[in-house]
Amino acid sequence: MDIQTDHRYAINLNVRGIQPSATLRINELSNQLRAEGRDIIKLGLGQSPFPVPDRVVDALREHAHEKDYLPVKGLKALRESISGYINRSERMRCTWEDVLIGPGSKELLFMLQLAYYGDLLIPRPSWVSYAPQARIIGRSVHWLPTHAENNWQLTAEELDIICRDDPSRPRILIMNYPSNPTGCTYTDDQLLAIANVARKYKLILLSDEIYGEVHFEGRHKSIARYYPEGTIISTGLSKWAGAGGWRLGTFIFPPELRPLQDAMAIIASETYTATSAPIQHAAIAAFNGGEDLDEYLKQSRRVLKVVGEYLHRRLTDMGAVVQKPEGAFYLFPDFSNFREALARRDIKTSQALCQSLLENTGVAILPASDFGFVPDHLAARLAFVDFDGAEALALAGKEYGEQELSDDFVKQACPRLVTAMDKMEQWLTGL
């Protein structure tokens with residue numbers, strides 16, 4: 001029987017044709033190539049290189065026996081811990097009842113789009129899963145234009161232009177900063193201007209602040225300070241506490257959006273039931289903070305800043321155009337200066353560029369087309385995470401504890417990243 005006429009293969013049309021998540025796909029391909037004996041430098045999946053802090057691991061060990069189903073919205077003690085964390089860091093006044101826990105912020109974002117009937121506004125470039133989630137659910141996606149000279153960041157003017165033609169249309173605006181894929185972030189003035197436009201059109205603003213704690217200077221501010229009544233803050237454990245595989249995310253809602261929070265909880269109750277009990281108990285230790293976690297974050301930021309600046313300089317010297325990162329662990333180099341040389345090798349898309357780079361050098365990065373750009377936009381995302389995070393933290397805190405981190409530190413702590421730059425430079429020079 002022809003598969004096309006066999007109803008057992010009647011896959012939802014919203015899902016047909018969608019590829020697996022780009023970041024997970026490159027990670028699996030990298031692992032497969034490594035298993036085949038290739039030396040692959042993994043700069044594709046944005047997984048924190050740092051270990052989960054000791055006290056948080058100890059808390060997980062202590063609570064491994066917890067086996068009960070927890071409340072759908074999450075463990076009250078954890079929700080209290082998270083509201084305290086937000087109030088301390090953002091000078092807000094949220095309560096534990098404003099907090100929703102889920103098995104990763106990715107799942108919560110999917111439920112938000114399912115619960116709220118509105119268009120999705122995404123600044124380009126954006127993280128790889130926002131738009132596919134909207135497509136799976138059947139929501140309209142509107143890409144908001146951004147520009148390299150403005151660090152690929154949304155402006156209040158561009159947002160207003162999109163909204164003014166249909167001012168009462170329900171919309172969710174997603175902002176992610178420090179940004180995946182660029183590592184750039186917003187100033188207070190930019191946040192205030194965007195908040196004013198969001199208020200004008202009564203947008204739901206999903207502020208994805210999963211990288212907030214790895215702002216290199218420790219100065220992240222939430223746009224919720226300027227638009228508290230319409231902003232949902234999204235965060236979790238994956239990027240600042242090194243616990244991506246633990247799958248714990250959280251949304252913090254304003255009281256005005258309680259009906260939306262309740263609707264998401266209903267969906268949760270009919271899908272995943274509750275987030276893992278031991279993980280929730282352990283997460284309390286992370287969100288309660290303390291001197292040990294402050295030191296962990298201080299050293300993490302120092303390491304990421306010096307690595308980001310080193311790679312930025314190397315890529316710029318090669319002839320790529322790249323914005324200097326201010327947080328997270330990403331760079332978004334543009335290789336358009338090499339367009340003619342690449343075309344001579346029949347490399348005309350960002351996908352072909354990354355494929356050729358992987359085949360010829362073993363360096364795995366992701367094409368700009370995975371982040372919302374047209375195929376021939378010759379840029380890529382580089383996640384500078386292929387190093388031993390535990391060793392880097394120890395080196396930064398001890399041998400380099402009283403001195404500025406330097407290129408020598410990068411060469412000692414992150415040799416694979418240095419090798420990646422050497423290989424990319426050699427490859428580009430040989431085009």
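# Exercises on the pockets and the sheet

In this predicted model, helix α4 gives three residues to the lining of the largest pocket, the most of any element.

**Exercise 1.** Describe the largest pocket: its volume, its lining and its place between domains.

*Solution.*
- Step 1. The volume of the largest pocket is about 600 Å³.
- Step 2. Its lining is made up of 32 residues, and those closest to the centre are Lys106, Trp127, Ser238, Lys239 and Arg247.
- Step 3. Two or more lining residues come from each of α1 (22-35), α4, β6 and β7.
- Step 4. Sorted by class, the lining holds 15 polar, twelve nonpolar and five charged residues.
- Step 5. Residues of the lining come from both domain 1 (7-51 + 292-430) and domain 2 (65-289), so the largest pocket lies between the two domains.

**Exercise 2.** Which element gives the largest share of the lining of the second largest pocket, and which domains contribute to this lining?

*Solution.*
- Step 1. The second largest pocket has a volume of about 450 Å³.
- Step 2. Of its 22 lining residues, Ile18, Gln19, Pro20, Val128 and Pro132 are nearest the centre.
- Step 3. At least two lining residues come from each of α1 and α5 (130-137); α5 has the largest share, with five residues.
- Step 4. The classes are ten nonpolar, eight polar and four charged residues.
- Step 5. Domain 1 and domain 2 each supply at least three residues of this lining.

**Exercise 3.** Give the strand order of the seven-stranded open sheet, and explain why β2 and β4 each have one side without a neighbour in the sheet.

*Solution.*
- Step 1. The order of the strands is β2-β8-β7-β6-β5-β3-β4, and the pairing is mixed.
- Step 2. The edges are formed by β2 (99-102) and β4 (141-144); each has a single partner strand, so one side of each has no neighbour in the sheet.
- Step 3. On average, neighbouring strands are turned by 20° against each other, direction ignored.

**Exercise 4.** In which sense do β6 and β7 pair, and over how many bridges?

*Solution.*
- Step 1. Strand β6 covers residues 204-208, and strand β7 covers residues 231-236.
- Step 2. The two strands pair in the parallel sense, over four bridges.
- Step 3. Leucine 205 has threonine 231 of β7 opposite.

**Exercise 5.** Which strands does helix α4 lie across, and at what angle does the helix run to β8?

*Solution.*
- Step 1. Helix α4 is made of residues 105-115.
- Step 2. The helix lies across β2, β3 (119-123), β5 (171-176), β6, β7 and β8 (249-252).
- Step 3. Its angle to β8 is about 45°.

Terms used
Residues numbered from 1 in each chain as written. Predicted model: local features only at pLDDT ≥ 70, side-chain atom pairs only at ≥ 80, totals over all residues. Heavy atoms only, no water. Pairing = 2+ DSSP bridges. Axes fitted to C-alpha atoms, helices over the stretch in contact; angles between N-to-C directions. Contact = heavy atoms within 4.5 Å. 1 Å grid on protein atoms, 1.4 Å probe; cavity = no way out; pocket = protein on both sides within 12 Å on 5 of 7 lines; lining within 4 Å. Points joined across faces, edges and corners; volume = space filled by probe spheres on them. Nonpolar A, V, L, I, M, F, W, Y, C, P; charged D, E, K, R; others polar. Domains from an automatic or database assignment.
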